[in-house]
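Work through the exercises below with the coordinates open. Try each task before reading its solution.

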Amino acid sequence: MRRIRANAIAILTVAWILGTFYYLWQDNKPHASPSAAKAGAGRVEIHREDRTIPLIVSSPRRRFDEKAYLSGKQLKPGDDPYRDHAFNLQESDRLGSERAIRDTRHYRCASISFDHDLPPTSIIITFHNEARSTLLRTIKSVLMRSPPSLIQEIILVDDFSSDPEDCQLLTQIPKVRCLRNGRREGLIRSRVRGANAASASILTFLDSHCEVNADWLQPMIQRVKEDHTRVVSPIIDVISLDNFAYLAASADLRGGFDWSLHFKWEQIPIEQKMARNDPTQPIRTPVIAGGIFVMDKNWFNHLGQYDTHMDIWGGENFELSFRVWMCGGSLEILPCSRVGHVFRKRHPYDFPEGNALTYIKNTRRAAEVWMDEYKQYYYAARPSAQGKAFGSIADRLALRRKLNCNSFRWYLENVYPELRIPEQETVYTLLRQGGLCLETHGTESLALAECKGSGLNRPQSQVRVFTPLCCGQKAHYIHITLQARHFSILVSGFSSCCMWFMCFPCPLTMAVQKWKPKGPALQHIVSGLCLDSQPSSGPVVVMQCHPQLASQSWEPQPIT
Ligand code: LR7
Ligand code: MN
C-alpha cells in the first residue's frame with residue numbers, strides 16, 4: 001500500500017515537471033508573423049500578451065563573418081589611403097577590430113563603484129560612408145568594454161551611404177540594428193531618427209570612428225541616473241589619423257567657443273582648477289564637442305531633441321548646449337570616462353549645399369534662436385553670415401518660450417563668464433566740450449561737468465564714455481557705463497525745443513539709440529537732431545543741427 005502511494009507520488013511529480021517544461025516551451029515559441037519574417041537578419045519578434053520582445057536569433061548560417069565584411073572593401077595597390085576617409089585607411093584595416101588600447105584614466109577612477117541597477121542604454125551611431133574597419137571597431141569596442149546588461153542595442157543610422165551593405169551586414173552582430181535613410185539627411189536628422197527608434201530610457205551618441213575605453217559607460221549612466229537633466233560627455237582621447245595610435249587627451253580641458261561659433265577646447269579656469277582636489281570629479285563645460293554624449297531620452301525629447309532644420313554637419317552642438325543650460329539642465333565632462341576618436345583635418349564627404357553655407361545656416365539658426373541681442377557679436381565675427389538664408393525659426397522660438405528658458409545673458413553670466421564680450425575690449429573715451437565732459441545725472445539726464453578721474457580710477461557712477469564701437473555697431477551709439485553696467489543713450493521724449501535722455505541697458509538695437517558723427521557734432525539718427533550743451537550749462541539736450549556751434553561740438557578724450 002505504501003509502495004503504491006510512493007509510486008503514484010513519483011509519477012505525479014514527473015508528470016508535473018514535464019507539464020511545466022511543455023508550458024514554458026509553448027510560451028516561448030516564436031509566433032512568426034509576416035513582418036517578423038521580413039525583418040530578416042536573424043531578428044524576429046515574439047509576442048507575449050501585450051509585450052513585444054525583440055529576440056536575437058543567431059544561427060551559425062548568419063553569423064557575422066568579419067573577414068568577409070572587411071575584405072569586401074579594401075584598398076587596391078596604389079590607392080591613396082587618405083583619399084576616401086581623410087585618415088590612413090591602410091593602417092585602420094591592418095589593426096583588426098579587437099585591439100587592446102591603453103587605459104588612459106586617472107588611476108583613482110578604477111576604484112570607483114557604481115550602482116548595481118544602472119539602467120541600460122541605446123547606443124546611436126550615425127554614419128555616412130564610414131570606413132568598414134573603423135565602424136566595426138567602434139561597435140566591437142562598445143561590446144567588449146561595456147557591461148552587457150547596460151547595452152540594450154546599438155542602432156546604426158546609415159545616412160544614405162553608397163553601399164547599403166556597410167550597415168546591413170553588421171546586423172548579424174548581436175544587438176546591432178540598422179536604419180537606412182532613403183536620402184542624405186545629415187547627422188542631425190539621422191540622430192533624431194536613431195533616438196526615436198531607441199527602446200532604452202537613456203541615449204548614448206557616438207561618432208562612427210571611435211574606440212571606447214575601459215569602464216567608459218558606467219560613470220556616464222550613473223550621473224544621468226542621479227539627475228536626468230545632466231548631459232554628460234567623456235574625455236575624448238585622440239586616435240591618430242596617420243598611425244591609429246591611441247593617445248590620452250588632457251584631463252584639464254572643457255568645451256568653449258568664440259563669437260564666430262567656432263568650437264575649441266580650452267583650459268578649465270584657473271580657480272576651478274585650483275579647487276579640484278579630486279581628479280575623478282565632473283568638469284562643468286559651457287558646450288560639448290557634440291558627437292559623444294549620454295542623455296536621458298525623456299529629457300532629450302522634452303527639450304526638443306535637435307533643430308531638425310539644420311543640415312549635414314555643424315552647429316547642432318552649440319544649439320543643444322545653449323538649450324540644455326538655458327532650459328534647466330547642465331553639461332559635464334566625466335574624467336573617468338574615456339572614448340577615443342579619430343580627429344580629421346577635412347570632411348571626407350560632400351555637403352550638397354557647400355560646407356561654408358551649411359555651417360553658416362546651422363550656426364545662424366543657433367544664434368538667432370538662443371543668443372538674443374548677443375547674436376550681433378556672432379554677425380560681427382562672421383560678417384558673411386549676414387543675409388544668408390536660414391529658414392524659419394518660428395517653431396524653435398516657440399519651443400524656447402514653452403520651455404521658459406533663461407536668457408543668453410544668464411548663460412554668459414552663470415555658465416560662461418570667461419567669454420569676453422567684444423564691447424568690453426573697445427577703447428573708451430570721454431566726450432569733451434571745451435574744458436568740460438559729458439556726464440550722466442542719474443539715468444535720466446545729461447550735463448557738462450568737470451572731467452574727473454582717469455583710467456580705472458574714474459568714478460563709475462559718473463563715467464562719461466563715448467566709444468566708436470558700442471553695442472557692436474560702429475559710431476552709432478553714445479555709450480555710458482554706470483556702476484559697471486553698460487548703457488546707451490536713448491532720446492526718449494521732447495518738448496517744443498529740446499529732447500531729454502534716458503539710459504537703457506546695453507546691448508539694445510533700438511533705432512532711437514543710434515547716433516552718427518556730423519562734423520564735430522553728434523546727430524541723433526531718428527530725429528536728425530544734434531547733441532547740444534546749451535550755453536547756459538543747463539542739461540544737455542538735442543537741438544537742430546548746427547555743427548559749427550561750440551555747444552554742438554564734441555571731441556573724444558581718451559581715458560588715460
Ligand atoms: O551627412 C553626414 N551624416 C552623418 O551621419 C555627415 C556626417 N555623419 C556622421 C559621420 O559619419 C560621423 O559619424 O556624423 C558623425 C560626425 O561627423 P564627423 O566625424 O565628420 O564630425 P567631427 O568629428 O569632425 O565633428 C564634431 O562636430 C560635429 C558638429 O556637427 C558633430 O557634433 C560630431 O559628432 C563631432 N564629433 C565629436 O564631437 C567627436 C569629438 C571631436 C571633437 C571636437
Ligand atoms: Mn568624428
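**Exercise 1. Strand 13**

Task: Decide which residues of strand 13 (residues 293-296) are buried on each of its two sides.

Solution. Keep in mind that this is a predicted model. Side chains in a regular strand alternate between the two faces of the sheet. Now sort the residues. F293 and M295 lie on one side of strand 13, and both are buried. V294 and D296 lie on the other side, and they are buried too. Both faces of strand 13 are therefore covered, given that buried means under 20% relative accessible area.

Next, find the partner. Strand 6 (residues 202-206) is joined to strand 13 by four bridges, and the two run antiparallel. For the register, take F205: its opposite residue in strand 13 is F293.

**Exercise 2. Strand 8 and its partners**

Task: Establish how enclosed strand 8 (residues 230-239) is, then trace its pairing with strand 14 and strand 9.

Solution. Start with burial. Of the ten residues of strand 8, nine are buried, so the rest of the structure largely encloses it.

Then take the pairings one at a time.

- Strand 14 (residues 330-342) pairs with strand 8 in the parallel sense, over ten bridges.
- Strand 9 (residues 246-247) runs antiparallel to strand 8, and two bridges join them.

I239 helps to fix both registers. It faces V342 in strand 14. It also stands opposite Y246 in strand 9.

Finish with the turn. The hairpin of strand 8 and strand 9 has six residues between the strands. Within this hairpin, F244 takes a positive phi near 60°.

**Exercise 3. Positive phi in loops**

Task: Locate K175 and Q305 in their loops, and say whether each is buried, partly exposed or exposed.

Solution. First, the background. Most residues other than glycine have a negative phi. Now the two cases.

K175 has a phi near 75°, positive although the residue is not a glycine. It sits in the loop between helix 6 (165-168) and strand 5 (176-180). Its relative accessibility is 24%, so K175 counts as partly exposed.

Q305 is not a glycine either, and its positive phi is about 50°. Its loop lies between helix 10 (297-302) and helix 11 (316-326). The relative accessible area of Q305 is 16%, so this residue is buried.

**Exercise 4. The surroundings of E153**

Task: Place E153 in its strand, classify its exposure and list its contacts.

Solution. E153 belongs to strand 4 (residues 151-158). With a relative accessible area of 5%, E153 is buried. Leave out residues up to four places away in sequence. E153 then touches T121, S122, I123, K175, R177, A197, A198, S199 and A200. K175, from the previous exercise, is one of these contacts.

Now a distance check. S71 and E153 are 82 residues apart along the chain. Their C-alpha atoms are separated by 26 Å.

**Exercise 5. A helix pair**

Task: Describe how helix 12 (residues 355-370) packs against helix 14 (residues 394-402).

Solution. Take the geometry first. The two helices pack at an angle of about 40°, with their axes 10 Å apart. That angle makes helix 12 oblique to helix 14. The crossing of helix 12 past helix 14 is right-handed.

Then list the contact. Helix 12 contributes R365, E368, V369 and W370, while helix 14 contributes R396, L397 and R400. Sort these residues by class: three are nonpolar, none polar and four charged.

How values were computed. Residues are numbered from 1 along each chain as its sequence is written. Chains are lettered from A and ligands numbered from 1 in the order in which they are written. This is a predicted model: local features need pLDDT of at least 70, side-chain atom pairs count only at pLDDT 80 or more; totals for chains, interfaces and linings use all residues. Side-chain values use heavy atoms; hydrogens and water are left out. Buried means under 20% relative accessible area, exposed over 50%, partly exposed in between (1.4 Å probe, protein chains only). Two strands pair if DSSP finds at least two bridges between them. Axes are lines fitted to C-alpha atoms, for helices over the stretch in contact, and angles run from 0 to 180 degrees between N-to-C directions. Angles under 35 degrees count as roughly parallel, over 145 as roughly antiparallel, 65 to 115 as roughly perpendicular and the rest as oblique. A crossing is left-handed if the near helix is turned anticlockwise from the far one by less than a right angle, and right-handed if clockwise. Contact means heavy atoms within 4.5 Å. Ala, Val, Leu, Ile, Met, Phe, Trp, Tyr, Cys and Pro count as nonpolar, Asp, Glu, Lys and Arg as charged, and the others, Gly among them, as polar.
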